[in-house]
Amino acid sequence: MSSTSLRLKPAIITNKYSISDADLESRGFHLRRTADELNLDQLNTVFVSVGFPRRDPEKIKLALDNTNSLLWIQHERTRKPVAFARATGDGVFNAIIWDVVVDPSFQGIGLGKAVMERLLDELVEQGIVNIALYSEPRVLGFYRPLGFVADPDGIRGMVYSRKNRNRNKK
């Protein structure tokens, strides 16, 4: 899976949401900001449904324990997660957004945008100025209206690769 690193232009963010909390509730969705009621097996099912590899639930729990901010949307009728995003970082300057997913049966109705808008607001309210994420090239268009740009100011990201490191040792 290839991915592209994106960075946020902070000036683009506003405090207005495309779907209000009340609208989400009236449509049968509950916004959650902690992992307390999150069923990790159900979250894993959403990950797999969007093409992520199945993950060890213990490792998901560890990742969530080390997450600074997370938001997910629970479907009222099924009590299952249908949208999710989280961010890690230093809590001061930098954050990286991870695992942005929406169950395919609920895509196209604004849930991904609802989660991202709120997560971004939370990070900006903390004073974080450098917000990045990794994205599949096929969904870059989703992130651009939220203020993300690829390689702003000529910044190029790099990713550590054991595969390349081992190749260079030969």
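Which residue follows α4, and is its phi positive or negative? Keep that in mind as a warm-up for the exercises below, and remember that the model is predicted.

**Warm-up solution.** Step along the chain past the end of α4 and you arrive at G127. The phi of G127 is positive, near 90°.

**Exercise 1. Describe the overall make-up of the protein chain: its helices and strands, their order, and how much of the chain is buried.**

Solution.
- Step 1: Start with the secondary structure, which comes to six helices and seven strands.
- Step 2: Read the elements from the N terminus on, and the order is β-α-β-α-α-β-β-β-α-β-α-β-α.
- Step 3: Turn to burial: 38% of the 170 residues are buried.
- Step 4: Look at the contacts between residues at least 6 apart in sequence; 70% of them join residues at least 24 apart.
- Step 5: Finish with the surface. The accessible surface comes to about 10,100 Å², and carbon and sulfur atoms account for 51% of that.

**Exercise 2. Check whether the end-to-end span of α4 agrees or disagrees with the expected value, and work out how enclosed the helix is.**

Solution.
- Step 1: α4 has 15 residues, and at 1.5 Å a residue it should span 21 Å. The expected span is 1.5 Å times one less than the number of residues.
- Step 2: Compare this with the model, where the end C-alpha atoms of α4 are 21 Å apart, which agrees.
- Step 3: Now count burial. Eleven of the 15 residues are buried, so α4 is largely enclosed by the rest of the structure.
- Step 4: Put names to them: the buried residues of α4 include L111, M116, L119 and L123, but also E117, R118 and D121.

**Exercise 3. Find which elements build the largest nonpolar core, and which residues touch the most other members.**

Solution.
- Step 1: A helpful background idea is that nonpolar side chains tend to be buried together in soluble globular proteins.
- Step 2: Here the largest nonpolar core has 27 residues, and I73, I97, L111, M116, L123 and F148 touch the most other members.
- Step 3: Two or more residues each come from β2 (29-32), β3 (69-75), β4 (81-89), β5 (94-102), α4 (111-125) and β6 (130-135). With seven residues, α4 gives the most to this core.
- Step 4: Zoom in on M116. Leaving aside residues up to four places away in sequence, M116 touches A85, I97, V100, L133, F142, Y143, L146 and F148.
- Step 5: Apart from this core lies another, of twelve residues, with L40, V46, F84 and V101 among them.

**Exercise 4. Work out whether R86 is buried or exposed, and what its side chain contacts.**

Solution.
- Step 1: Locate R86 in strand β4.
- Step 2: Its relative accessible area is 10%, and the cut-off for burial is under 20%, so R86 is buried.
- Step 3: Look for polar partners. The side chain of R86 makes a polar contact of 2.8 Å with the side chain of T67, and another of 2.8 Å with the side chain of D99.
- Step 4: Other residues that R86 touches include A63, L64, I97, W98 and L119.
- Step 5: Follow the chain of partners to D99, which sits in strand β5. At 11% relative accessibility, D99 counts as buried.

**Exercise 5. Compare phi at D99 and R79, and say where R79 lies.**

Solution.
- Step 1: Recall that most residues other than glycine have a negative phi.
- Step 2: D99 has a positive phi, near 55°. R79 is not a glycine either, and its phi is also positive, about 65°.
- Step 3: R79 lies in the loop between β3 and β4. With 42% relative accessibility, R79 counts as partly exposed.

**Exercise 6. Classify the ring pair of F47 and F52, then find the cluster that holds these rings.**

Solution.
- Step 1: A ring pair is described by the distance of the centres and the angle of the planes.
- Step 2: The structure holds six aromatic pairs. In one of them, the centres of F47 and F52 are 5.5 Å apart and the planes lie at 25°, so the pair is stacked.
- Step 3: Ring pairs link F47, F52 and F84 into a cluster. F47 itself is buried, at 1% relative accessible area.

Note on methods. Residues numbered from 1 in each chain as written. Predicted model: local features only at pLDDT ≥ 70, side-chain atom pairs only at ≥ 80, totals over all residues. Heavy atoms only, no water. Core = buried A, V, L, I, M, F, W, Y, C linked by side-chain atoms within 4.5 Å. Buried < 20%, exposed > 50% of the residue type's maximum accessible area, 1.4 Å probe, protein only. Helix = DSSP H or I, 4+ residues; strand = E, 2+ residues; numbered from the N terminus. Contact = heavy atoms within 4.5 Å. Polar contact = N/O pair within 3.5 Å; in protein donor to acceptor, adjacent residues only side chain to side chain. Areas by Shrake-Rupley, 256 points an atom, 1.4 Å probe, with all protein chains shown as cover. Phe/Tyr/Trp six-rings, centres within 6.5 Å; stacked < 30°, edge-to-face > 60°.
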